[in-house]
Amino acid sequence: MSRAYTPDDAVLLVGEGNFSFARSLIENYLHTGHQVVATAFDEEAVAIQKYGEAEVGENVQYLRDCEALVLFGVDATALGQCKELRGKSFTRIIFNFPHVVGAGIKDQNRNIRANQQLITSFLTSAQPLLSETEAEKQGEIHITIKTKAPYDAWRIKALARRTEPPLKCAISFQFDCKRWPGYEHRRTLGFKEGLSHRDNVEILDKDPRTYVFTRPSEEEEVEEKIDGKRGKKINEGKAWEGSSDEDEA
Ligand SMILES: C[S@@+](CC[C@H](N)C(=O)[O-])C[C@H]1O[C@@H](n2cnc3c(N)ncnc32)[C@H](O)[C@@H]1O
């Protein structure tokens, strides 16, 4: 069961945009960054170009002042290749609003499959970094996504069951921006004046939800294998029709 963040949590954030979520996490819950690693996929110059020098610079400075480690150019699907993460483990690994880079995939089914692949590869890559000490400190992976169409077609819980080894969704809950003062959601493509919106307008009406993934117990693993044999299938984005997710890209 997920619990509130506490200063003894070791937290890895991946896919940060302007680092405002990492900052909010420290400001409001952890009060220190000494066990926080905040990462972005973009290199620093690209992140500044996308989200602005002021936004990225101030947040990163805050994080570093709090002793957090800030890394650019970290691929969430290949965390094992990041040398700064070697030997570290985390009680929480967080990816907020994952969305593939290189938007412009106009074919919505391909778009869904690309995002499913991103999430599956992230879950596989993150697992070895999860802490496994006492039960209450069991490592958790938190993924927050919008849940309205077409995001519902991502079938995120089913994706987790298919990672190797499989993960279970222990709980999910509404992502409430009010719990994250200072957090400013950003799109993968960056902030575009006249197109993008501030104050999290782009997520507020999309029913964002946080899914908490953990390793299943041995009994749960056995049940899962039996269910698997019964032939549960997931939608791989082959038969999707509906609105576009270009707003996120
Ligand atoms: C919609 S934005 C959300 C940004 C930020 N997490 C937020 O909540 O404002 C999606 C993010 O996923 C990141 N992303 C896409 N592919 C990634 C990958 N392979 N590894 C890490 N991040 C990735 C993008 O760089 C982008 O920052």
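Just after helix H1, His31 takes a positive phi of about 60 degrees. The model is a predicted one, and every value here is computed from it.

**Helix H1**

H1 spans residues 20-30. The helix is mostly covered, with 9 of its 11 residues buried. Those buried residues are Ser20, Phe21, Ala22, Arg23, Ser24, Leu25, Ile26, Tyr29 and Leu30. What lies over them? The cover includes strands E1, E2 and E4, along with helix H3.

Take Ser24, a residue of H1. Is Ser24 buried or exposed? Its relative accessibility is 1%, and the cut-off for buried is under 20%, so Ser24 counts as buried. Leaving aside residues up to four places away in sequence, Ser24 touches Tyr29, Trp180, Pro181 and Tyr183.

**Strand E1 and its partners**

In a regular strand, side chains alternate between the two faces of the sheet. Strand E1 covers residues 11-14, and both of its faces are covered. Val11 and Leu13 are buried on one side. Leu12 and Val14 are buried on the other.

The chain leaves E1, passes through H1 and reaches E2. This β-α-β crossover is right-handed.

E1 pairs with E2 and with E4, as set out here.

| Partner of E1 | Residues of partner | Bridges | Direction | Facing residues |
|---|---|---|---|---|
| E2 | 36-39 | 3 bridges | parallel | Leu12 opposite Val37 |
| E4 | 92-96 | 4 bridges | parallel | Leu13 opposite Ile94 |

Leu12 thus has two entries in this account: it is buried, and it stands opposite Val37 in E2. Leu13 is buried too, and Leu13 stands opposite Ile94 in E4.

**Helices H2 and H3**

Two packed helices are described by the angle between their axes and the distance between the axes. How do H2 and H3 pack, and at what angle? H2 runs over residues 44-51 and H3 over residues 53-65. They pack at an angle of about 125 degrees. Their axes are 6 Å apart. Why is H2 called oblique to H3? An angle over 145 degrees would count as roughly antiparallel and 65 to 115 as roughly perpendicular; about 125 degrees falls in neither range, so the pair is oblique.

From H2, the contact is made by Ala47, Ile48 and Tyr51. From H3, Glu53, Glu55 and Val56 take part. By type, the contact residues divide into 4 nonpolar, no polar and 2 charged. H3 also appears in the cover over the buried residues of H1.

Notes. Residues numbered from 1 in each chain as written. Predicted model: local features only at pLDDT ≥ 70, side-chain atom pairs only at ≥ 80, totals over all residues. Heavy atoms only, no water. Buried < 20%, exposed > 50% of the residue type's maximum accessible area, 1.4 Å probe, protein only. Pairing = 2+ DSSP bridges. Right-handed = clockwise from strand over helix to strand, strands pointing away. Axes fitted to C-alpha atoms, helices over the stretch in contact; angles between N-to-C directions. Parallel < 35°, antiparallel > 145°, perpendicular 65-115°, else oblique. Contact = heavy atoms within 4.5 Å. Nonpolar A, V, L, I, M, F, W, Y, C, P; charged D, E, K, R; others polar.
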